[in-house]
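User: Please examine the structure below and answer some questions on its cysteines, sheet, helices and core.

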Amino acid sequence: MPQYAYIHIPFCKRKCGYCSFTSFAKIELIPEYINKLQEEIKYFYKGEPLKTLYIGGGTPSLIKPDDVNRILSSFNINKSTEITMEANPESIDLEYLTRIKEAGINRLSIGVQSFNDDILKKINRLHRAEEAISKYNAARAAGFSNINLDFIYGLPAQTLEDFKKTITRAAELEPEHISLYGLKIENGSKFAKKKPANLPNEDLQADMYLSATDIMKKYGYEHYEFSNFSKPKKESLHNLNYWNNEEYYGFGVAAHGYTNGIRYANPTKLEEYLATPTKKASMHKLTSQEKLEEEIFLGFRKCSGINVEIINQKYNIDFEKKYKKQIAKYLETGHLIKTTNGYKLSIEGILLSNIILCEFL
């Protein structure tokens, strides 16, 4: 059974221009939502000791510390459990951070996105750069010793030099973890309805990504997954579980889970979830081929790549024989690299990963 759990808190003060996640500006419904979340957890969770618990959103830091306590008390956790909570700078202060730390949160993920105030305005963020830094320092003062900072590249009017300044500033703060995501305009976002002007093209986005990997390396960060960098031994254990293709619980509106070989999704409509929090919107039992394809697709996202021996044992195949053509092709082009126990994508391969991985599916 799963030893990992994700909880979705779908509330925001207002929606950012790029965001397509399921979130609602209905703060008044938080108390009812927490009650329904408890109901869902009690119904499905089997009491397994959790290795990680991740509270994402939305803006989880809009819920009260007492609600954080209620959520954590629903699970079998201990001092070794990695318990992450996402937060936005404008919704946290020293008192709040101290209280959620006391409740049991031991890893904080702060959504900064940029240290350029003009860009923050363009994407509808409520905070400014100096506030983000101030709240990061408050988290340190509250006792957090495991902090992630989130950033986006490819934002409206963002230049290469501006992005390099943002990432250098982030690295100088010395968080344990930094996540970098390329802007993708998804259906359901404000940007999809009205595309902003001055968006960096794909080539510029690639340059931003490559420059970030150089800066991260210079400051002692290990590039362990396409979008993630950490200080030694500070990887996100929760996200590594996803990329290792292990099972996990998903609780809350629009949450996805993977248990007993079944991938499931909860309703995306808040009213529907509040009415019946134990109802699933979809359930799909994976075939052996689908499990194999997910193992490959997710495994290649790790910078260490895939372990051929593990895949062969798990799926009773000869990976190098089955994918002989694809392996030969991309080893020759330099997009794939042979490792001690398998294969990984080169940095050039990462930039073309969607094209390359489609050939393994």
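**Cysteines, sheet, helix and core**

Analyst: The sulfur of Cys358 lies 19 Å from the closest cysteine sulfur, that of Cys303, which is too far for a bond. This is a predicted model, in which local features need pLDDT of at least 70 and side-chain atom pairs count only at pLDDT 80 or more, while totals for chains, interfaces and linings use all residues. Residues are numbered from 1 along each chain as its sequence is written, and side-chain values use heavy atoms, with hydrogens and water left out.

User: What does the count of disulfides come to?

Analyst: A disulfide is a covalent bond between the sulfur atoms of two cysteines. The rule applied here asks for a pair of cysteine sulfur atoms within 2.5 Å. By this rule the count of disulfides is zero.

User: Does Cys358 count as buried or exposed?

Analyst: Buried means under 20% relative accessible area, exposed over 50%, and partly exposed in between (1.4 Å probe, protein chains only). Cys12, at 11% relative accessibility, counts as buried. Cys358 has 53% relative accessibility and therefore counts as exposed.

User: Which strands stand at the edges of the open sheet of three strands?

Analyst: Strands (E, at least two residues) and helices (H or I, at least four) are DSSP runs, numbered from the N terminus, and two strands pair if DSSP finds at least two bridges between them. The order is β13-β15-β14, with antiparallel pairing. Each edge strand has a single partner, so one side of each is left without a neighbour in the sheet; these strands are β13 (306-307) and β14 (336-338).

User: Which residue of β15 is the bridge partner of Asn307?

Analyst: β13 and β15 (residues 342-345) pair in the antiparallel sense over two bridges. In β15, the bridge partner of Asn307 is Gly342.

User: How far apart are the end C-alpha atoms of helix α8?

Analyst: The expected span of a helix is 1.5 Å times one less than its number of residues. For the 17 residues of α8 (residues 202-218) this gives 24 Å, which agrees with the end C-alpha separation of 25 Å.

User: Which residues touch the most other members of the largest nonpolar core?

Analyst: A nonpolar core is a set of buried Ala, Val, Leu, Ile, Met, Phe, Trp, Tyr and Cys residues joined through side-chain atoms within 4.5 Å. The largest such core has 86 residues, and those touching the most other members are Phe75 and Phe319.

User: Which helix supplies the largest share of this core?

Analyst: The largest share amounts to six residues. Its source is helix α5 (residues 129-141).
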